[in-house]
Amino acid sequence: MTNPENRPGTSPNAPNSAPNSLAQIGVVGMAVMGSNLARNFASKGHTVAIFNRSPEKTRAVMEQFGSEGAFIPSESIEDFVASLERPRKAVIMVQAGPATDAVIAQLVDAMDEGDIIIDGGNSLFTDTIRREHEVAQRGRHFVGAGISGGEEGALRGPSIMPGGPQESWETLGPLLEDIAAKVDGVPCVTHIGPDGAGHFVKMVHNGIEYADMQVIGEAYHLLRYAAGIAPDELAEIFTEWNAGDLDSYLIEITAEVLRQKDRKTGKPFIDVIVDAAGQKGTGRWTVKEALDLGVPVTGIGEAVFARALSSALAQRQAAQDGDLPAGELSTLESLGVDRDSFVEDVRRALYASKLVAYAQGFDEINAGSQEHSWSIRPGDLARIWRGGCIIRAKFLNRITEAYENDPDLPSLLLDPYFKLELAGLVDSWRRVIVIATQLGLPVPVFASSLSYYDSLRSKRLPAALIQGQRDFFGAHTYKRVDMEGTFHTSWSGDREELDY
Ligand code: 6PG
């Protein structure tokens, strides 16, 4: 433990420290997310202990923002821990993976029984489960908390998804409520469930984010390259869309990006960006986990693959050089499609595909919750995603209502409100995919989402044939529609059906 003589806040680099009081909360990691979160806590009147592995960063934060509130900077983890009120609460905002493990190990050593370590990074939920177990063995509490909203959200109010023990939530809850975004006065934070529940939910949030961004991208691409609409006008269209059902942060920033002119060339900014999308892993984790859970998150999966394909620049170049045949392509004019009605069809296709992405994301959350006995309440998630986070959107109110009306909804798409919405969208959705196909323009999430939708509502699926094939080559057995039991046909023998 820290030497009590080694009082916090006595560093010469602590212009606005509060030497005689302890901090209610601490933040480790002074990159933008960490420093913004610390500033957010301070702006709510809390004294905040701050620490970074390289002290220069801590000093820089103090220099730049120290006058905003009460900070206690430390240059050693022991001083940092000593500057915290008990039970000590420290939020780690460092890179997910080994860096997080290293900080946890230091904190566990320096802290005492009952102290709380919060990992606010984008950690893999299975790491969170492991860490909670390890930290609990040392008598400390560990909370994996998903935090969404980017840099701005961290500063002004993010959406926070904490997991971990209920006991920790009781201590931490008020602090997190203070800094979270508020919608209609309701803070965008709730205890998601035990151990890795918070990071699991944040992972799926990011998966939905990938799908949401991709469907917006597909809409943009169609309007630009099928309808020939210039970025300036597209910015207006997205702004208009943002005033309706699609009202969301991602649509809003899409308009901003499309309106932007490149400062260097004066060209539309969108045209100077290399069309290869990066990814740090949370979308991929969502899909991997969905595969293990057996949940078809096809929209999220296509969005992850679309980013991968976009980044396969050499292969894409080879395909262009190799002149892959496109077949006979149409244009909107040759198809006799009216531009304005196409724009509206694309809006509806976007909305419908987005609904599928959310429905699939909630399916994965429900499946994960069941698998890990987390008792996650999906309506609460929709509520805390209404503000602060990247996928914040007006229609999350409707999702909250949907789960309030029926917590056991088999699919979000079956909620009466969304069913009615889909009735008004589905014809446009089909038309857009047909047109995109005729024009040779890729719409992976629009198309796979419609296929998912049609599969979900189909009375019969080709899976019956697959079962027949599996039984044929591997005696994998099948069930019958007209009687109980498991059966196998002796395909290589007399083709009699046998009970299994
Ligand atoms: C958020 C974001 C945030 C981050 C993503 C970006 O909710 O605030 O999701 O967590 O921006 O991790 O992920 P990619 O780099 O994989 O697009």
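Helix α10 spans residues 249–259 in this predicted model, and a good way to read this helix is to look for the side chains that are hidden from the surface. Leu250, Ile251, Thr254, Ala255 and Leu258 are buried there. These residues lie on the same side of α10, because the arc they cover around the axis is only 145°. Across from them stand the packing partners: the buried residues of α10 pack against α8 (197–225), α9 (231–241) and α14 (339–372).

The picture widens with the nonpolar cores. In soluble globular proteins, nonpolar side chains tend to be buried together. The largest nonpolar core of this model counts 91 residues, and the residues with the most contacts inside this core are Trp241, Trp385, Ile399, Leu412, Trp429 and Phe446. Phe446 makes a helpful example to follow in the structure. Leaving aside residues up to four places away in sequence, Phe446 touches Val215, Glu218, Ala219, Leu222, Val346, Ala349, Leu350, Ser353, Trp429, Val432 and Ile433. A second core, separate from this one, has 29 residues, among them Met30, Val91, Ile147 and Ile179.

Empty space inside the model can be explored as well. Two cavities of 30 Å³ or more are found in the structure, and the largest cavity holds about 50 Å³ of space. Its lining consists of Leu37, Phe41, Val91, Ile118, Ala145, Ile147, Ile160, Leu176 and Ile179. At least two lining residues come from each of α1 (32–43), β6 (141–148) and α7 (166–179). By residue type, the lining of the largest cavity has nine nonpolar residues, no polar ones and no charged ones. Val91, Ile147 and Ile179 appear both in the second core and in this lining.

Definitions and conventions:
Residues are numbered from 1 along each chain as its sequence is written. This is a predicted model: local features need pLDDT of at least 70, side-chain atom pairs count only at pLDDT 80 or more; totals for chains, interfaces and linings use all residues. Side-chain values use heavy atoms; hydrogens and water are left out. A nonpolar core is a set of buried Ala, Val, Leu, Ile, Met, Phe, Trp, Tyr and Cys residues joined through side-chain atoms within 4.5 Å. Buried means under 20% relative accessible area, exposed over 50%, partly exposed in between (1.4 Å probe, protein chains only). Contact means heavy atoms within 4.5 Å. Helices (H or I, at least four residues) and strands (E, at least two) are DSSP runs, numbered from the N terminus. The arc is that of the directions from the helix axis to the C-beta atoms. On a 1 Å grid over the protein atoms alone, a cavity is a set of points where a 1.4 Å probe fits but cannot get out, and a pocket is an open set with protein on both sides within 12 Å along at least five of seven lines; lining residues have an atom within 4 Å of a point. Grid points are joined across faces, edges and corners, and a volume is the space filled by probe spheres set on the points. Ala, Val, Leu, Ile, Met, Phe, Trp, Tyr, Cys and Pro count as nonpolar, Asp, Glu, Lys and Arg as charged, and the others, Gly among them, as polar.
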